[in-house]
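Visitor: Hi, I've got a new structure here and would like to walk through it with you. Shall we put it up?
Guide: Happy to. Here it comes.

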Amino acid sequence: MSETILTVDGLKTQFYTERGAVRAVDGVSFDVKRGEIVGLVGESGAGKSVTTSSIMRLVEEPGEVIDGEVSYRDRTLVGFEESVAEAADGRPELVPRDEMLSNREMREQIRGNEIAIIFQDPMESLNPVYTVGGQIREFIELNREMSTEEAREESIEMLRRVGIPEAEDRYDDYPHEFSGGMRQRVLIAMALGCRPNLIIADEPTTALDVTVEGQILELVSELVDEFDTSFIWVTHDMGVVAEICDRVNVMYLGKIVEQGPVDDIFHDTKHPYTEALLGSIPRPDQTVSDLVPIEGTMPGAMNPPPGCRFHPRCPDAREACREVEPELYDVGPEHRSACIKHADVGYWESEPLEGRETETVEGRP
Amino acid sequence: MAIGEQQTREDTGAGEDEFEADVGWRYTLGKIKQDTTARFGLYVIAVVTVVAVVTTIDANLSRITFERYDDFALAESVWYHPERHPDPGETERRMPPVFVDGGTWQHPLGTDRAGRDYIARLVYGTRVSYFVGIVATTLGLVGGVIVGAVAGYYGGWVDDVLMRAVETLYAIPPLVLVIVFTVFVSGGNPDIIYAVFGVGIAFIPVFARLIRSRVLSVREMDYVEAARATGVRDRDIIRRHVIPNSFAPVLVLATLQIGVTILIVAGLSFLGYGAQPPTPDWGEMLRISHQYMHSDPWLSIWPGLAILVTIMGFNLFGDGLQDALDPRIK
């Protein structure tokens, strides 16, 4: 693969609530290369969507990106430096760096024409009061300096490309006259119409049934080949990941726990959480009782567990997991896992957590 | 009715997983046509509109229409001016309606104390009430929608500042605003224009609060987020995406509000802060005629009826519009 177009490094986003700060994204790093589909996987609440809106700088009050770097090609979307004037408590305060794009520059240079987003719910993502064609045209006109007539031609062409039959006639239809799968295609046409280099797809097929999902995934693969567009594919569905992603980032509670090429993630799984995720996918050769669900629910991001964040639910947890906060350790070419099993920090010497060993022995005959 | 609905559904040719009700002007008007009371309201509004527009386009129309009446009852009489026709004073020229003793077919609804034909006055009074209702309501609507949409969309301190300001305005009665306008802008010469501005501004809060509550939910919609993520400017998002999707209840309120405005401005005219004589206006006619309430009740009843029917028309239409726009009610 070629040029790296997006780099995210140590991104942190917090939401300030009355009960304290919620660390929704807590030090996430990954990159996206040209023409590749990068998966961002995790349970609900893992911080996937907040990560993507942080990249686009669309986090709203009471949320705030507080640290980290996001650069798109040679431009800084998020960047901080220590302020010259120190805060009262002596710790240097982080302030946005000068080269960080202003909100206006983000709007005019990045959003839409460089990075576009496809949202989760095709039913809610189209404005019900305008025709489908008009909405695509609006976005194209805005981002590509085309005349209204050219933009109209282009919109019809995009509708045709994403597989809307009789695109010319459907151009003047309203969103409620489209089915869910068709609307999802329209959203993809909208994003593609602006000719971005990177499309962030936020669970775009979650609301669709499987056959339509299959068609959409096929369409996306074709479009990637054709336009050389990169994708960040946000999902909780490991099946979708296996089908289209080149590389995968598995998120848990605001952190990336494992990242690597898709084959390694599936066939050479290193992190217990990824393993647990894979173990909980229903397969035709298993009955429901064979499934191994992940114990418990994800704790709140307000007070994440000390040490490894996954240890309260991890079948392999040992005493050391409570104390040592894991970093991403290299476990193969381009393959990293945030589990202290892979580092020499005393995992193998420490005792299993109470009750954990017997449970795993009984749970897995 | 069932057939009508079926047809509408077929016309749209929608997909099988259609959740929303049908939308669009044609559909809304179609539903109103099925609703007898709303249809009646629509007819009243249509008649009032035609009368108001025609009398505005050709102010001398009454010369033709009322030619068979004597000179003094014609357009001249409508525009009877105290300077050209000195106050009749003791010379009472009141005349009762035709069905009361002493009435003639020349003046079917009688004349006022200056001998001006009451039908002509009522007809010409329509345009004052009508345009006052529309202009003042539009003023409140435009101001309120802008303030409310901006406040709701941005939230935070913008919302606080704008909404507190609007609530302060809400605490001031329209009459006081009108008096303030009259005194400070014209130096104390009351005129209908100040009444219109005062009432229009007094209605800004009503619209602002209504649309803000809708905007709060609309701004969370994915299509607004999608527009932001595609680099659409905030003001275009508000104009193109937020306001149109929050507008249905505002439209209903505006229709009802026109009736309220007509009533309030008639009240202001009655108090002397609205239309000034010799301009024919229903409220002003009431003001003059109320002194003859006992001897000539008809002089008060005719403009009162005109106000009643007009307001009822707007209210019935507004109710029908609400039913048609909100599928949950039926």
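Visitor: How many residues does each chain bring to the contact between chain A and chain B?
Guide: This is a predicted model, and in it chain B gives 24 residues to the contact while chain A gives 27 residues.

Visitor: Which helices of chain B supply at least two residues each to the side that touches chain A?
Guide: Helix H11 (222-229) and helix H12 of chain B each do that. The largest share of that side of chain B comes from H11(B), with six residues.

Visitor: And what is the mix of nonpolar, polar and charged on that side of chain B?
Guide: An even split: the residues of chain B that touch chain A are eight nonpolar, eight polar and eight charged.

Visitor: Back to H12(B) for a second. What does it span between its end C-alpha atoms?
Guide: H12 of chain B, residues 234-271, spans only 45 Å, whereas a straight helix of 38 residues would span 56 Å.

Visitor: Where does H12(B) bend?
Guide: At Phe247(B), by about 55°. A proline, Pro249(B), follows within four residues. Just after the helix, Gly272(B) takes a positive phi of about 95°.

Visitor: Switching to chain A: how is it divided into domains?
Guide: Domain 1 covers 4-253, and domain 2 covers 257-289 + 305-363. Taken over C-alpha atoms, the centres of these two domains of chain A are separated by 30 Å.

Visitor: How many residues of each domain are in contact?
Guide: In chain A, 14 residues of domain 1 are in contact with 16 residues of domain 2. On the domain 1 side, helix H8 (238-244) and strand S11 of chain A each supply at least two residues, and S11(A) has the largest share, six residues. That side of domain 1 divides into 10 nonpolar, two polar and two charged residues.

Visitor: What does S11(A) pair with over four bridges?
Guide: Strand S3 (residues 37-41) of chain A pairs with S11(A), residues 247-252, in the parallel sense. Gly39(A) stands opposite Val248(A) in S11(A).

Visitor: In what order do the strands of that open sheet run?
Guide: The eight strands of chain A follow the order S8-S9-S10-S3-S11-S12-S14-S13, with mixed pairing. S8 (115-118) and S13 (329-332) of chain A each have a single partner strand, so one side of each is left without a neighbour in the sheet. Neighbouring strands are turned by 20° against each other on average, direction ignored.

Visitor: Which helix lies across S3, S8 and S11 of chain A?
Guide: Helix H1 (residues 48-55) of chain A, which also lies across S9 and S10 of chain A and runs at about 150° to S10(A).

Methods. Residues numbered from 1 in each chain as written. Chains lettered and ligands numbered in written order. Predicted model: local features only at pLDDT ≥ 70, side-chain atom pairs only at ≥ 80, totals over all residues. Pairing = 2+ DSSP bridges. Axes fitted to C-alpha atoms, helices over the stretch in contact; angles between N-to-C directions. Contact = placed C-beta atoms within 7 Å. Expected span 1.5 Å × (residues − 1). Bend = angle between axes of the 7 residues up to and from the residue. Nonpolar A, V, L, I, M, F, W, Y, C, P; charged D, E, K, R; others polar. Domains from an automatic or database assignment.
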